[in-house]
Amino acid sequence: MARQCIKCQREISDLASICSGCAEEFLSENIFGLVCSPTISSPPIDRYREDSDPILAIGERPGLDLNFEPGKKVIEELESLKLEEMDEKRYERVERRMNVILAELGVPKHIDFEKYFYSKKEAEVFSQLYYALEELENEFEEERGCSSLYLRIANLFYYAYKCADTGLFELDFRKNITDDYKEKAEGFYELSAQIVEDESEIYPLRNRAFLLLESAEPERAESFFEEALRIDPDDLESRLGLIETLLEKEELDKVENEMDRVIKTAEEDPQFLFLRGELARKRDKWGRAIQFYKEASEREEKKGFVPAMLSQASLFLENDMSERAADIYEMIVEIDKENIRALNGLGISSKAQGENKEALRWFNKALAIDSHDKDLWVERAEVLQEIGNYQEALKDHNNALEIDSGFERAQEGKNECLESLNED
């Protein structure tokens with residue numbers, strides 16, 4: 001199956017909307033072009049400024065040689081950098097200026113990505129700043145550089161790896177660009193850690209550890225969490241990250257030991273309660289797990305703690321309580337209308353209750369957000385088989401196999417569809 005690229009009309013896979021050539025051309029000019037959001041963080045007057053130009057506001061910083069002009073467009077400031085006139089001293093000042101620009105535009109040292117909201121113009125500034133930094137590094141590769149600047153750039157690449165909307169791309173290109181984002185993030189975290197100005201600074205280590213945990217590399221993540229904790233044994237985020245890593249590795253006794261270290265200081269922390277629920281679940285104490293998940297969600301002041309809500313709902317599904325699962329999934333969708341796991345869960349819950357039409361509606365919504373999820377295609381295919389639409393179900397199984405040619409569940413479903421169609 002195929003359709004046309006929405007930009008150049010070249011024939012491409014039915015799973016994509018933009019061909020790899022057009023996607024590569026776009027990203028070559030704006031590498032962070034996929035991270036912008038239509039909603040912008042407070043103040044409210046800036047809530048919808050996606051088409052505005054970021055403006056410098058900090059002015060001169062005495063003693064640091066940061067001679068910005070308040071009111072000047074950031075992109076103009078970047079364009080004013082003259083590499084051909086650069087020497088080592090000016091190189092240091094320029095990197096400090098770049099670091100302040102990123103800080104002013106809301107790129108912090110930590111990785112609370114729920115607060116990473118950027119306009120289209122801001123994403124363009126990030127990209128142009130990165131390209132300028134690349135030129136600087138090539139010209140002054142022996143110089144020390146700015147640790148905080150590298151850290152913020154690494155965070156942007158991590159954010160792009162985790163949150164960039166790559167669902168329109170072809171499969172190979174999607175994997176290549178996410179791998180590239182991760183590789184660049186790791187590279188800048190490494191640079192930042194090598195030249196960190198403050199020996200107590202653990203952000204490059206801790207952020208990199210979370211990136212590795214995100215990319216299913218728990219062994220490597222564990223080593224960086226441990227290194228961060230050697231610098232600051234009381235850092236709760238690193239300790240909770242290590243606990244999550246050990247849970248991934250099924251080292252449950254170690255998990256309990258690590259939890260004992262922080263239970264007095266973290267007993268009301270939503271993430272800690274969620275991880276206690278995960279441990280109880282792995283110990284087959286599902287009633288206790290649900291209690292922890294519920295408490296974790298209730299501790300979140302403004303909205304439920306989504307990871308705990310997802311785990312609670314999936315646990316209900318596992319125990320044939322689809323109606324209770326659906327109630328929680330619906331609450332999650334109210335918080336995050338594009339949460340794939342919640343939409344998929346609503347589809348599965350509806351299917352379990354025999355509501356095939358409703359199940360198809362939820363799976364369609366999920367696939368409209370991410371057409372590269374093989375499980376979604378198979379879930380929808382099985383509903384279509386249930387109502388006797390074997391031709392469409394066959395297409396869905398084929399889509400799942402295009403994503404993963406060794407997906408046994410899809411291959412079995414495909415064979416069943418072929419048998420039913422041959423009987424007809």
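**Exercise 1. Work out how the aromatic cluster around F157 is built.**

Let's start with the members: F32, Y130, Y131, Y150, F157, Y181 and F188 form one aromatic cluster. We're working on a predicted model, where local features need pLDDT of at least 70, side-chain atom pairs count only at pLDDT 80 or more, and totals for chains, interfaces and linings use all residues. Residues are numbered from 1 along each chain as its sequence is written, and side-chain values use heavy atoms, with hydrogens and water left out.

Step 1: get the pairing rule straight. Rings of Phe, Tyr and Trp (its six-membered ring) pair if their centres lie within 6.5 Å; planes under 30 degrees apart are stacked, over 60 edge-to-face, and the rest tilted. That rule gives 19 aromatic pairs.

Step 2: take one pair. F157 and Y181 are 6.2 Å apart centre to centre with 40 degrees between the planes, a tilted pair. F157 belongs to helix α5 and Y181 to helix α6 (residues 171-194), so the pair ties together parts that are 24 residues apart in sequence. Helices here are DSSP runs (H or I, at least four residues), strands are E runs of at least two, and both are numbered from the N terminus.

Step 3: check burial. Buried means under 20% relative accessible area, exposed over 50%, and partly exposed in between (1.4 Å probe, protein chains only). F157 is buried at 0%, and Y181 is buried with 0% relative accessibility too.

Step 4: set another pair beside it. F169 and F173 have ring centres 5.3 Å apart and planes at 80 degrees, so this pair is edge-to-face. F169 is buried at 4%, and F173 is buried at 12%.

**Exercise 2. Place F157 in the nonpolar core.**

Step 1: define the core. It's a set of buried Ala, Val, Leu, Ile, Met, Phe, Trp, Tyr and Cys residues joined through side-chain atoms within 4.5 Å.

Step 2: find the best-connected members. The largest core has 130 residues, and M98, I153, F157, Y181 and Y329 touch the most other members. Helix α5 (residues 147-163) supplies the largest share of this core, 11 residues.

Step 3: list the partners. With neighbours within four places in sequence left aside, F157 contacts (heavy atoms within 4.5 Å) I31, F32, Y130, Y181, K184, A185 and F188.

Step 4: zoom out. The chain has 19 helices and 4 strands, and 49% of its 424 residues count as buried. Of the contacts with a separation of 6 or more, 58% are between residues 24 or more positions apart.

**Exercise 3. Test whether the length of helix α18 fits, and find what covers the helix.**

Step 1: the expected span is 1.5 Å times one less than the number of residues. For the 14 residues of α18 (residues 390-403) that comes to 20 Å, and the end C-alpha atoms are 20 Å apart, so the two agree.

Step 2: pick out the buried residues of α18, which are A393, L394, D396, H397, N399, A400 and L401. Keep in mind that an α-helix has 3.6 residues a turn, so residues three or four places apart point the same way.

Step 3: look for the cover. It includes α17 (374-386) and α19 (408-423).

**Exercise 4. Decide what C22 is doing about disulfides.**

Step 1: apply the cut-off. A disulfide needs two cysteine sulfur atoms within 2.5 Å, and the structure holds 0 of them.

Step 2: look at C22. The nearest cysteine sulfur, that of C19, is 3.5 Å away, and C22 is in no disulfide.

Step 3: check accessibility. C22 is buried at 10%.

**Exercise 5. Track down two aspartates with unusual backbone angles.**

Step 1: recall the background. Most residues other than glycine have a negative phi, and most peptide bonds are trans.

Step 2: take D284. Its phi is positive, about 65 degrees, although D284 is not a glycine. D284 sits in the loop between α11 (270-282) and α12 (286-299) and is exposed at 67%.

Step 3: take D320. Here phi is positive at about 60 degrees, and D320 is not a glycine either. D320 lies in the loop between α13 (306-318) and α14 (322-335), exposed at 72%.
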